Amino acid sequence: MLIGVISDTHIPDRAEEIPEMVFRVFSEVELILHAGDLTSMEVVHELETLAPVECVQGNMDRYHHTEIPRSRVLEIESLRIGLNHGEVYPRGDTQQLRYIGLELDADVLITGHTHQPFITELRDILLLNPGSPTVPRLTDPSVMLLRVEDDKLDAEIVKVGAPVCRSLQFGGAADG
């Protein structure tokens with residue numbers, strides 16, 4: 001089974017639309033998992049044109065009153081895949097994410113929140129984060145593809161755009 005994984009789209013509060021490249025990368029997937037901070041259910045409706053979508057609530061979804069579960073567990077073949085926004089501080093702390101995964105009794109935990117992709121193998125759980133296709137933090141815009149076959153999972157981070165740094169302004173007033 002081929003699965004598309006996405007997180008932190010922040011549409012329309014921080015971005016206008018899902019990049020076209022995401023639709024190309026996800027064109028063959030059988031399922032899409034969104035790890036939160038959609039900020040609008042329109043994101044789900046657009047992704048559902050490609051495949052069924054499972055999503056969880058991120059911290060910004062609560063702010064926008066989006067009513068979806070905070071966690072989900074999907075059984076794909078013999079793997080238990082947990083889906084949670086991963087709202088821990090410091091962001092991306094693997095020990096706290098591990099505990100979330102263990103509470104969900106997951107073999108794999110997919111989170112977002114950091115806006116930075118990672119694949120981290122711990123002794124008892126695999127932690128995955130697809131990054132963000134619209135508002136990455138100090139990295140390229142990205143999504144993830146998972147291939148589950150014969151009870152094995154392969155994860156691939158896929159770049160879907162050029163690097164973006166919105167926190168710095170170059171040129172303009174400093175030129176004079």
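**View 1. Strands S9 and S10 pair in the antiparallel sense over 8 bridges.** Strand S10 covers residues 152-159. The model is predicted. S9 and S10 make a hairpin in which 2 residues lie between the strands. Asp-150, in the turn, has a positive phi of about 50°. Within the ladder, Leu-145 has Glu-156 of S10 as its bridge partner, and Met-144 stands opposite Ile-157 of S10. S9 is mostly covered, with 6 of its 8 residues buried.

**View 2. Strand S9 also pairs with S1, again in an antiparallel arrangement.** The two strands are joined by 4 bridges. Val-5 has its bridge partner in S9, namely Met-144. Met-144 therefore appears in two views: as the partner of Val-5, and opposite Ile-157 in S10.**View 3. An open sheet of 5 strands runs in the order S3-S2-S1-S9-S10, with mixed pairing.** S3 and S10 are the edge strands, and each of them pairs on one side only. Between neighbouring strands of this sheet the average turn is 20°, direction ignored.

**View 4. The largest nonpolar core has 23 residues.** Phe-26, Ile-32, Leu-47 and Val-143 are the residues with the most contacts inside this core. Two or more residues each come from strand S1 (2-6), helix H1 (20-25), helix H2 (42-47), strand S3 (53-55) and strand S9 (142-149). Leaving aside neighbours within four places in sequence, Leu-47 is in contact with Ile-6, Ile-18, Phe-26, Ile-32, His-34 and Val-53. Another core, of 19 residues, lies apart from the largest one. Leu-33, Val-56, Ile-76 and Leu-128 are among the residues of this other core.

**View 5. A second view of an open sheet shows 5 strands in the order S4-S5-S6-S8-S7, with mixed pairing.** Strand S4 (71-76) and strand S7 (117-121) stand at the edges; each has a single partner strand, so one side of each is left without a neighbour in the sheet. Neighbouring strands here are turned against each other by 20° on average, direction ignored. S4 and strand S5 (residues 79-84) run antiparallel and are joined by 6 bridges. In this pair, Glu-75 has Arg-80 of S5 as its bridge partner.

**View 6. Ile-76 lies in strand S4.** With a relative accessibility of 8%, Ile-76 counts as buried. Beyond its neighbours within four places in sequence, Ile-76 is in contact with Met-1, Ile-3, Leu-31, Ile-81 and Val-148. Arg-24 is 52 residues from Ile-76 in sequence, and the C-alpha atoms of the two are 24 Å apart in space.

**View 7. Thr-39 is placed in the loop between strand S2 (31-34) and H2.** Thr-39 has a relative accessible area of 6% and is buried. Its side chain reaches the backbone oxygen of Ile-11 at 2.9 Å. Leaving aside neighbours within four places in sequence, the contacts of Thr-39 are His-10, Ile-11, Pro-12, Asp-13, Met-60, Asp-61, His-64 and Thr-66. Ile-11 thus appears both in this contact list and as the residue whose backbone oxygen the Thr-39 side chain reaches.

**View 8. Gln-116 is placed in the loop between strand S6 (108-110) and S7.** Gln-116 is partly exposed, with a relative accessible area of 34%. A polar atom of the Gln-116 side chain lies 3.0 Å from the backbone oxygen of Arg-137. Leaving aside neighbours within four places in sequence, Gln-116 is in contact with Asn-129, Gly-131, Arg-137, Leu-138 and Thr-139. The C-alpha atoms of Gln-116 and Val-143 are separated by 9.9 Å, with the two positions 27 residues apart along the chain counted as their separation.

**View 9. The mean pLDDT of the protein chain is 93.** A pLDDT of 70 or more is reached by 93% of the residues. Over residues 169-176 the pLDDT is below 50. Beyond near neighbours in sequence, the stretch 169-176 has 0 contacts in the model.

Definitions and conventions. Residues are numbered from 1 along each chain as its sequence is written. This is a predicted model: local features need pLDDT of at least 70, side-chain atom pairs count only at pLDDT 80 or more; totals for chains, interfaces and linings use all residues. Side-chain values use heavy atoms; hydrogens and water are left out. A nonpolar core is a set of buried Ala, Val, Leu, Ile, Met, Phe, Trp, Tyr and Cys residues joined through side-chain atoms within 4.5 Å. Buried means under 20% relative accessible area, exposed over 50%, partly exposed in between (1.4 Å probe, protein chains only). Contact means heavy atoms within 4.5 Å. A polar contact is a pair of N or O atoms within 3.5 Å; within protein, one must be able to donate a hydrogen and the other to accept it, and residues adjacent in sequence count only if both atoms are side-chain atoms. pLDDT is the predictor's confidence in each residue, from 0 to 100. Two strands pair if DSSP finds at least two bridges between them. Axes are lines fitted to C-alpha atoms, for helices over the stretch in contact, and angles run from 0 to 180 degrees between N-to-C directions.
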